[in-house]
Structure formats: structure tokens, C-alpha cells
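This report describes selected helices, loops and individual residues of one protein chain. The sequence and the structure are shown first, and the description follows.

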Amino acid sequence: MAWNPVYALLMLTSTFITYTSGILIDKANKTSGGGNAAKLKNIYVSISFILNLSILFFFKYFYFAVDNINILLSALHIQLIQPKFDIILPLGISFYTMQMIAYIVDIYRGAKAETNFIKYALFISFFPKLLAGPIERTATFLPQLQERKYFNYDNLKNGLLLMLYGYFLKMVIGDRAAILVNFVFENYEAYMGLEIFVAITIYSIQIYADFFGYTCIAIGAAQTMGFTLLQNFNHPFFAVSVGDYWRRWHISLSMWLRDYIYFPLGGSRCSKIKKYRNILITFFISGLWHGANWTFIIWGMIHGLSIILDDIFKPVFQKIYSIFNINTQCFSFRLFQIIIAFLIINYSRLFFRAPDIETAVIMTKQMFSVWNPWIFFDNSLYDMGLSRKDFYVLCFSIIILWAVSFMQEKGIKIREELAKQNLVFRWILYWIAIFGILTFGVYGTAYNANQFIYFQF
């Protein structure tokens, strides 16, 4: 509301629509009216969907639709549409709209509607997860609002520690990496080969540190108050395939797409052609959800096509592994899979970050034109927006991120291990972390404390 009070009324309107729809659908579920009850349910669901998706379309996709219509009209030599008003994207609208849609579908499928408007409004607008998730589910979060909360020291301690790690990821890694990434993408004509590849790789790390950092802060803040939010990440850079990556990255979104798009379309319980169609539709929607730009759609389709190709050629590769007696369980083979998956995902990030398709295509050509390994030795890396000192800080911080991820991937619960240590040692470590973030976090005139990457979605 401090940003734009009117948009709070917009969220309140959507909340009221889905609250009322949920009660009406729940009432129809309990009515033994047979076909009439089913028709009423369908009407209520349709009205709720149309109203909420219309709001989302207007604020997020109106200009995208107008631009594409104008391209068509221009080709037909028809006068272009010229909107005479400006639209600002409301913060968090994609996230809370998806949660509302999931709620309505869950009630339609038999879940009990929330009759207390205040509790339902809190379910939608709970502040830690409102702006960028996790996208909570009816069955996991709504019951927590019925529980009486009591102060718990362990919740407070563990929540604050998780928030501390989130600030490290966001301020020390994400915001520092952003300086290099923004500099290269704003001056991409000046860079070639490995320089472009390094910038895209750093962007992959930036968006992970930025979004995972936000998620840690959100989950930690909720935990201090006794609430448990969905885990949104599971070390995606250890994924052995693009499909595995989506089981580890933005998990609440992946689950939403699976349960409310992919499965209703038929999932994998159908012919191969329909299965691949379902995958492409799901990833098309995933790309479009991220942004009103064809670059996001291409990004989504790259992931969808990668999963389809992996499924098509899987029997061929298995036969090759069998013929040459390749051990697919060994560390070297898993490392090979991780590298291949990362290269595919990393390249797709070029379309995610580029402002338009033309820029992404030009940068792709430049990336594959000249590969000069000497940039790692001739100080070229320090002409990409970051000084030598800042580049070293970034590299060292990434090593910390990798080490923590590796330990957690191996099942080591770091906060539990810390709790076992001597009190003095723990507090020395805490203060080192706090002063490290205050010292090496990115500040200054270009720093925007409110700007997380996923706020724009």
C-alpha cells in the first residue's frame, strides 16, 4: 500500500471473488442435486476464473497482446492500436492469482472452503510469501491459520538463521553478480565468446542467489512466527537433467503446473504424442507466466523440448550404455550429466535475461564466434563491470554457496549441526556472518533494497 494503495483494493477484490466462489462451490459439493449441482459448480468456477484471469491479463499481458495485434495489423496495412493509458504491474499479482486458482480448484475437487473471510484473506496475503512465493496450497497452509501460535525459541532461532543465509545470498552474491550481468547485457556488442558465456553463467548464479535468498528470508520469517512454508528449492545445480532441474527449482511453481495444468491435460497417461503436447503446453504457460514477452516463452519451450528429446532418446542412450558397459551410477557419469543439464539450462537463461529475441540471437552468435581462453589470464574479466576485488569476493561467496549446497545435498542439516556446537563458537560464527554481510553486501546509489528479480513476475 505504501507503493500503490489502489492496488491493495485490487487484491482485496480478487480475494473477495475467490472467497465467495469457494463458499458457493463448497455448498454445491454438499448439495445432492446431481446434474444441477455439477452445473452450478462449473458456473461458479468459470466466473471465478474469468474474473481473476481477466484482471491478471489486463495488468500483465494487455500491452503484450496489443503489440502482437499491431504486428498483425501492420502486415495487413491497418491502422495500429494506440492505448492512451499506462499500466503498472501490481506487485505479486501472478503469485497470489495462482494461489487463488489453486484454492478454487481444490474446493471444486472436494476440499472444504474457508468461511472466515479474515483467515482466507490472510491465506492469500500472508506477507512473507505474498510477493514472490512460495505458492502455498490449500491443504498445507490454510490449516495452519486455524492453530493457536505460541512463542518457540527454536523456531525463532532457526528462522533468523535461515533469514541470515538469505541475506547473504541476496546481498553478497545476487546483487554483486547483477553488476557484472547488467554491464555486459547493456553493452553486449562489445563482448564475444567466453565473455558472453561467463556473463550468462553469472546470471544463472545471480537469479538463483536472488530468488533462493528471497525464499530463505520468506520461509525464515514465517518460521519465527510458527508457520511452515513450502520448500521452494532443492539444489537445482545438482540436477542431472532438465526434468530433474524442474523437480528442484521453484518447486511450488513446478507442483502447481503439474497439478493444475499437466495432469488435467492427461499428463503422461496417454499416447506419446499427447504426452509431448502436454509438456509443451505446460512449459508454454510457464514461460508466459514469467513474463509478457516472447523471450520468456522461448525460454520455457527450450526446457519443454529438452525434456521431450531426453524422453525420445532415452532408450537409445540406455542401449549405448549397455553395449559399452558404461556405469551410469558412478560419480564421473553423474558429473557429466550435471554439466550437460547445466549447459542447456544456462543457455536458456540468455532468453530469460535478454530484453528481446533479436538481442538474444545476436548474443548467441557472438558467444559462438570467438572463444578466447586468455580472458581468464589477461584481466579481461575485470573489464565487465566488477573490479578485481569484487570479482574475488563473488567467486569466494559462490564457493561458500556451493559448499553449503553440497553438504545439504549429502543430507547434512547445517542448522542442526550448528546447534550441537559450543555456545561461544556458534556466536562467533553468527557475528562473522552478520558483519560479513554488512561489509560485503552491495550498497550505494545503484542499489535498490526492494528489488528482487521475481518481484517483476
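In what follows, a residue is called buried if its relative accessible area is under 20%, exposed if that area is over 50%, and partly exposed in between. The model under discussion is a predicted one.

**Helix α13**

By the criterion just given, the buried residues of α13 are Phe-333, Ile-338, Ala-341, Ile-345, Asn-346, Ser-348, Arg-349, Leu-350, Phe-351 and Phe-352. The cover over these buried residues includes α7, α8 (193-224), α9, α11, α12 (294-323) and α14. Helix α13 itself comprises 23 residues (331-353); at 1.5 Å a residue it should span 33 Å, and because its end C-alpha atoms are 32 Å apart, expectation and model agree.

**Helix α17**

The same check can be applied to α17. This helix has 18 residues (423-440) and an expected span of 26 Å at 1.5 Å a residue, which agrees with the 25 Å between its end C-alpha atoms. Which residues of α17 are buried? They are Arg-426, Tyr-430, Gly-436 and Ile-437. Viewed down the axis of α17, these buried residues fall within an arc of 130°, so they line one face of the helix. Val-424, Ile-432, Leu-438 and Thr-439 are exposed on the other side of α17. Among the elements that cover the buried residues of α17 are α7 (153-186) and α16 (414-419). At the start of the helix, a side-chain oxygen of Asn-422 comes to within 2.8 Å of the backbone nitrogen of Val-424.

**Packing of α1 against α3**

Helix α1 (residues 5-29) packs against helix α3 (residues 93-108) at an angle of about 10°, and their axes lie 9 Å apart. Angles under 35 degrees count as roughly parallel, and α1 is therefore roughly parallel to α3. On the α1 side, the contact is made by Leu-10, Met-11, Ser-14, Thr-15, Thr-18, Ser-21, Gly-22, Ile-25, Asp-26 and Asn-29. Helix α3 contributes Ile-93, Tyr-96, Met-100, Tyr-103, Ile-104, Ile-107 and Tyr-108.

**Two loop residues with positive phi**

Most residues other than glycine have a negative phi. Against that background, two residues deserve mention. His-250, which is not a glycine, has a positive phi near 45°. His-250 is placed in the loop between α9 (242-246) and α10 (251-265). Is His-250 buried or exposed? With a relative accessible area of 0%, His-250 is buried. Asn-379, also not a glycine, has a positive phi of about 70°. The position of Asn-379 is in the loop between α14 (357-367) and α15 (388-409). Asn-379 has a relative accessibility of 38% and so counts as partly exposed.

**Individual buried residues in helices**

The table lists relative accessible areas for four helical residues.

| Residue | Relative accessible area | State |
|---|---|---|
| Phe-283 | 10% | buried |
| Ser-306 | 16% | buried |
| Ser-397 | 3% | buried |
| Ala-37 | 6% | buried |

Phe-283 belongs to helix α11 (residues 272-290). Not counting residues up to four places away in sequence, Phe-283 touches Trp-246, Gly-300, Met-301, His-303, Gly-304 and Ile-307. The C-alpha atoms of Phe-283 and Trp-299 are separated by 8.7 Å, the two residues being 16 residues apart along the chain.

Ser-306 is part of helix α12. A polar atom of the Ser-306 side chain lies 2.7 Å from the backbone oxygen of Ile-302. Apart from neighbours within four places in sequence, Ser-306 is in contact with Val-242 and Ile-344.

Ser-397 is found in helix α15. The side chain of Ser-397 reaches the backbone oxygen of Val-393 at 2.8 Å. When neighbours within four places in sequence are set aside, Ser-397 is in contact with Phe-168, Val-172 and Ile-173.

Ala-37 lies in helix α2 (residues 35-75). Ala-37 and Lys-27 are ten residues apart along the chain, and their C-alpha atoms are separated by 9.0 Å. Ala-37 touches Ala-28 and Thr-31, residues up to four places away in sequence not being counted.

How values were computed
Residues numbered from 1 in each chain as written. Predicted model: local features only at pLDDT ≥ 70, side-chain atom pairs only at ≥ 80, totals over all residues. Heavy atoms only, no water. Helix = DSSP H or I, 4+ residues; strand = E, 2+ residues; numbered from the N terminus. Expected span 1.5 Å × (residues − 1). Buried < 20%, exposed > 50% of the residue type's maximum accessible area, 1.4 Å probe, protein only. Arc of directions from axis to C-beta. Contact = heavy atoms within 4.5 Å. Polar contact = N/O pair within 3.5 Å; in protein donor to acceptor, adjacent residues only side chain to side chain. Axes fitted to C-alpha atoms, helices over the stretch in contact; angles between N-to-C directions. Parallel < 35°, antiparallel > 145°, perpendicular 65-115°, else oblique.
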